[in-house]
Amino acid sequence: MLGAIPDAKTLLILCPLVFIGSFVDAVAGGGGLITLPAYLLCGLPAHLAIGTNKMSSMVGTSFSTARFVRSGFVDWRLAAPSVACALAASAVGAHLSMMLDEAVFRWFLVAALPVVAFITLRKKALRQETLPMASGRRLAVMCSVAAACGLYDGFYGPGTGTFLILGFSVFAKLGVRDCAGQTKCANLASNVAGFASFALAGQSWLLLGAIASVFSVAGHYLGAGFVVRDGSRVVRPVIVCVLAILFAKVGAEALGIA
């Protein structure tokens with residue numbers, strides 16, 4: 001399957017949803033809540049869906065990360081240690097993920113998606129200004145948050161960017177502007193490590209991921225330039241719709257009618 005050419009039906013389902021998910025991710029976060037179910041809806045096994053999703057997410061995130069770096073939003077004194085922690089923890093999370101039986105893990109994904117969606121969509125407003133904190137303590141807190149989120153990203157993934165922003169804002173007391181660049185760097189690092197781990201284990205459909213990456217880049221590029229006052233108004237109905245379709249599909253398969 002990994003060397004196969006995706007059929008037209010798979011591409012017609014996947015590519016528009018990856019574009020929408022990437023656009024949503026750039027605007028308000030939470031795009032993985034759309035892109036991962038998109039791969040599952042195409043019939044990919046759970047581990048293969050995660051590994052392939054990480055490829056397209058990684059490529060799309062790299063473009064938005066580069067934009068933050070060029071704009072001077074990345075403080076490498078804070079970002080570099082967080083990147084290292086996210087990278088290592090994501091590799092561990094990916095290996096833990098692949099230790100679970102495929103059937104059990106697929107049901108875990110379906111059960112976890114609405115929980116992560118609820119947390120992501122219910123996120124509170126972030127602090128606007130960075131508050132004073134000892135540099136050593138802030139660095140330690142950010143590394144802890146990056147490691148925890150990296151572990152989660154390698155194991156599962158959707159909502160990681162949101163959790164990083166919330167963690168950096170709430171615990172490291174960074175303002176939203178200072179969170180942005182550090183979050184993108186840590187998120188990209190966890191994506192890279194997660195993708196590499198799944199790909200080396202043969203759990204990433206590289207051709208399908210490459211095609212989806214084109215739509216991921218397009219969604220991130222357009223979303224990055226789209227200003228929405230309340231991003232959740234755009235995100236919520238799309239996520240609810242995709243999750244409803246996914247539940248219907250999995251339920252039909254469980255009942256033997258699909």
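In what order do the elements of the chain run from the N terminus on? They go α-α-α-α-α-α-α-α-α-α, so to speak a one-letter story: ten helices and zero strands. Keep in mind that this is a predicted model. Of the 258 residues in the chain, 49% are buried. As for contacts between residues at least 6 apart in sequence, 84% of them join residues at least 24 apart.

**The nonpolar core**

- The largest nonpolar core has 46 residues, and the members that touch the most others are Leu14, Tyr39, Leu44, Leu109, Tyr156 and Phe168.
- Helix α2 (residues 32-41) gives this core its largest share, seven residues.
- As general background, nonpolar side chains in soluble globular proteins tend to be buried together.
- Tyr156 is a good place to start looking around: setting aside neighbours within four places in sequence, Tyr156 is in contact with Leu36, Ile50, Lys54, Phe108, Leu109, Ala112, Leu113 and Val116.
- One of those partners, Leu109, is also on the list of core members that touch the most others.

**α6 against α7**

- Helix α6 (residues 135-155) and helix α7 (residues 160-170) pack with their axes 10 Å apart, at an angle of about 165 degrees.
- Angles over 145 degrees count as roughly antiparallel, and α6 and α7 are therefore roughly antiparallel to each other.
- The crossing of this pair, α6 and α7, is right-handed.
- On the α6 side, the contact is made by Met142, Val145, Ala146, Cys149, Tyr152 and Asp153; on the α7 side, Thr160, Phe163, Leu164, Gly167 and Phe168 take part.
- Sorted by class, the residues in the contact of α6 with α7 come out as eight nonpolar, two polar and one charged.
- Phe168 of α7 turns up in this contact and is also among the core residues that touch the most other members.

**α2 against α3**

- Here the axes of α2 and helix α3 (residues 46-70) come within 9 Å and cross at roughly 135 degrees.
- That angle falls outside the parallel, antiparallel and perpendicular ranges, so α2 and α3 count as oblique to each other.
- The crossing in which α2 passes α3 is right-handed.
- From α2, the residues involved are Thr35, Leu36, Tyr39 and Leu40; they meet Ala46, Ala49, Ile50, Thr52, Asn53, Ser56 and Ser57 in α3.
- The class count for the contact of α2 with α3 is six nonpolar, five polar and no charged residues.
- Two of the α2–α3 contact residues, Leu36 and Ile50, are also contacts of Tyr156.

**Two residues worth a click**

- Gln182 sits in helix α8 (residues 176-200).
- Why does Gln182 count as buried? Its relative accessibility is 3%, and buried means under 20%.
- Not counting neighbours within four places in sequence, Gln182 is in contact with Phe73, Val74, Asp75, Leu78, Ala79, Met142, Phe168 and Leu174.
- Met142 and Phe168 from that list also belong to the contact between α6 and α7.
- Leu96 is in helix α4 (residues 76-99), and with 40% relative accessibility Leu96 counts as partly exposed.
- Beyond residues up to four places away in sequence, Leu96 touches Leu151 and Phe155.
- Leu96 and Phe155 are 59 residues apart along the chain, yet their C-alpha atoms are separated by 6.5 Å.

Definitions and conventions. Residues are numbered from 1 along each chain as its sequence is written. This is a predicted model: local features need pLDDT of at least 70, side-chain atom pairs count only at pLDDT 80 or more; totals for chains, interfaces and linings use all residues. Side-chain values use heavy atoms; hydrogens and water are left out. A nonpolar core is a set of buried Ala, Val, Leu, Ile, Met, Phe, Trp, Tyr and Cys residues joined through side-chain atoms within 4.5 Å. Buried means under 20% relative accessible area, exposed over 50%, partly exposed in between (1.4 Å probe, protein chains only). Helices (H or I, at least four residues) and strands (E, at least two) are DSSP runs, numbered from the N terminus. Contact means heavy atoms within 4.5 Å. Axes are lines fitted to C-alpha atoms, for helices over the stretch in contact, and angles run from 0 to 180 degrees between N-to-C directions. Angles under 35 degrees count as roughly parallel, over 145 as roughly antiparallel, 65 to 115 as roughly perpendicular and the rest as oblique. A crossing is left-handed if the near helix is turned anticlockwise from the far one by less than a right angle, and right-handed if clockwise. Ala, Val, Leu, Ile, Met, Phe, Trp, Tyr, Cys and Pro count as nonpolar, Asp, Glu, Lys and Arg as charged, and the others, Gly among them, as polar.
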